[in-house]
Amino acid sequence: MKNLVYIILGFVIGAALTYYFCPRPLEGAVAEIDNPTGTITILEATELSANWEKNNPKEIDSTIELDDNSKRKPMRSVMWSLKNIEDYIAFAEKESDSVGYTMTGLRVYLGNYGKNGKPGKKNRNTMFIVPTGYENTSKASSLGLNFSYDERDIPVDPLNDGGTGETGYP
């Protein structure tokens, strides 16, 4: 009986020491996040923006006829809030699923409102985001696996109407 008391006491002391001396994750600790593939440096982005300014606006300026005769520069960028992007991704995933697609990414397109654009947008450039993915199809197979993913635009309403950017980066 005396040995059993020592064994129980050893477990209690071991548990107490483990509780106080073993590392625990900090509450509110930020997980380390790796850079996603495809990122570029700020210097590279600045160079790309400068190249756009140098190589494109003359051609674009000559074709734009604004409806309010203003001297605005052509659209250079579009800004969406983080919440707007998150909401759109959630919407696009839900809608993609409902039309039989698996969403795997987003594609950004350049566009132009043309001569029949809404007031203030006539002949203005824009960008819009479209979800991409593959259609969920059932094909006969002994394995039940489908390795032929044909990734394309998904027929879901694109995201547009971000804030305009008429200046270069940064």
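Start by selecting threonine 132: at 4% relative accessibility, this residue counts as buried, since the cut-off for buried is under 20%. Keep in mind as you click around that you're looking at a predicted model. Threonine 132 sits in strand β3.

Now show what surrounds it. Which residues is threonine 132 in contact with, leaving aside its neighbours within four places in sequence? The list includes Thr102, Met103, Thr104, Gly105, Leu106 and Arg107, and then there's a second run with Glu151, Arg152, Asp153 and Ile154. Pick out Asp153 from that group: aspartate 153, in β4, is the bridge partner of threonine 132.

**The sheet**

Next, select residues 125-135, which is the whole of β3. This strand is mostly covered, with eight of its 11 residues buried. Add β4 to the selection and you'll see two bridges joining it to β3, with the two strands running antiparallel.

Then add β2. How many bridges pair β2 with β3? There are 11, again in the antiparallel sense. For a single spot to zoom in on, try valine 108, which stands opposite isoleucine 129 in β3.

With all three strands lit up, you have an open sheet in the order β2-β3-β4. Its edge strands are β2 (101-112) and β4 (152-153), each pairing on one side only.

**Across the sheet: helix α4**

Select residues 82-98 now. This is helix α4, and it lies across β2 and β3, running at about 125° to β2. The helix has 17 residues and reaches 24 Å from its first C-alpha to its last, close to the 24 Å expected at 1.5 Å a residue.

Which residues of α4 are buried? Colour Tyr88, Ala92 and Ser96. They cover an arc of only 60° around the axis, so they end up on the same side of α4. That fits a general rule: an α-helix has 3.6 residues a turn, so residues three or four places apart point the same way. Part of what covers these buried residues is β2 and β3.

Give a second colour to Lys83, Lys94, Asp97 and Ser98, and you'll find them exposed on the other side of α4. Before leaving the helix, step just past its end to glycine 100, which takes a positive phi of about 85°.

**Rings to look for**

Searching the whole structure turns up three aromatic pairs; here are two stops. The rings of tyrosine 88 and phenylalanine 91 have centres 6.0 Å apart and planes at 45°, so this pair is tilted. Both residues lie in α4, three residues apart, about one turn of the helix. Buried or partly exposed? Tyrosine 88 counts as buried at 7% relative accessibility, while phenylalanine 91, at 32%, counts as partly exposed.

For the next pair, go back to the sheet and show tyrosine 109 and phenylalanine 128. These rings are stacked, 5.5 Å centre to centre with 20° between the planes. The pair links distant parts of the chain: tyrosine 109 belongs to strand β2 and phenylalanine 128 to strand β3, 19 residues apart. Switch on the surface to finish: tyrosine 109 is partly exposed, with a relative accessible area of 30%, and phenylalanine 128 is partly exposed too, at 24%.

Notes. Residues are numbered from 1 along each chain as its sequence is written. This is a predicted model: local features need pLDDT of at least 70, side-chain atom pairs count only at pLDDT 80 or more; totals for chains, interfaces and linings use all residues. Side-chain values use heavy atoms; hydrogens and water are left out. Two strands pair if DSSP finds at least two bridges between them. Helices (H or I, at least four residues) and strands (E, at least two) are DSSP runs, numbered from the N terminus. Contact means heavy atoms within 4.5 Å. Axes are lines fitted to C-alpha atoms, for helices over the stretch in contact, and angles run from 0 to 180 degrees between N-to-C directions. The expected span of a helix is 1.5 Å times one less than its number of residues. Buried means under 20% relative accessible area, exposed over 50%, partly exposed in between (1.4 Å probe, protein chains only). The arc is that of the directions from the helix axis to the C-beta atoms. Rings of Phe, Tyr and Trp (its six-membered ring) pair if their centres lie within 6.5 Å; planes under 30 degrees apart count as stacked, over 60 as edge-to-face and the rest as tilted.
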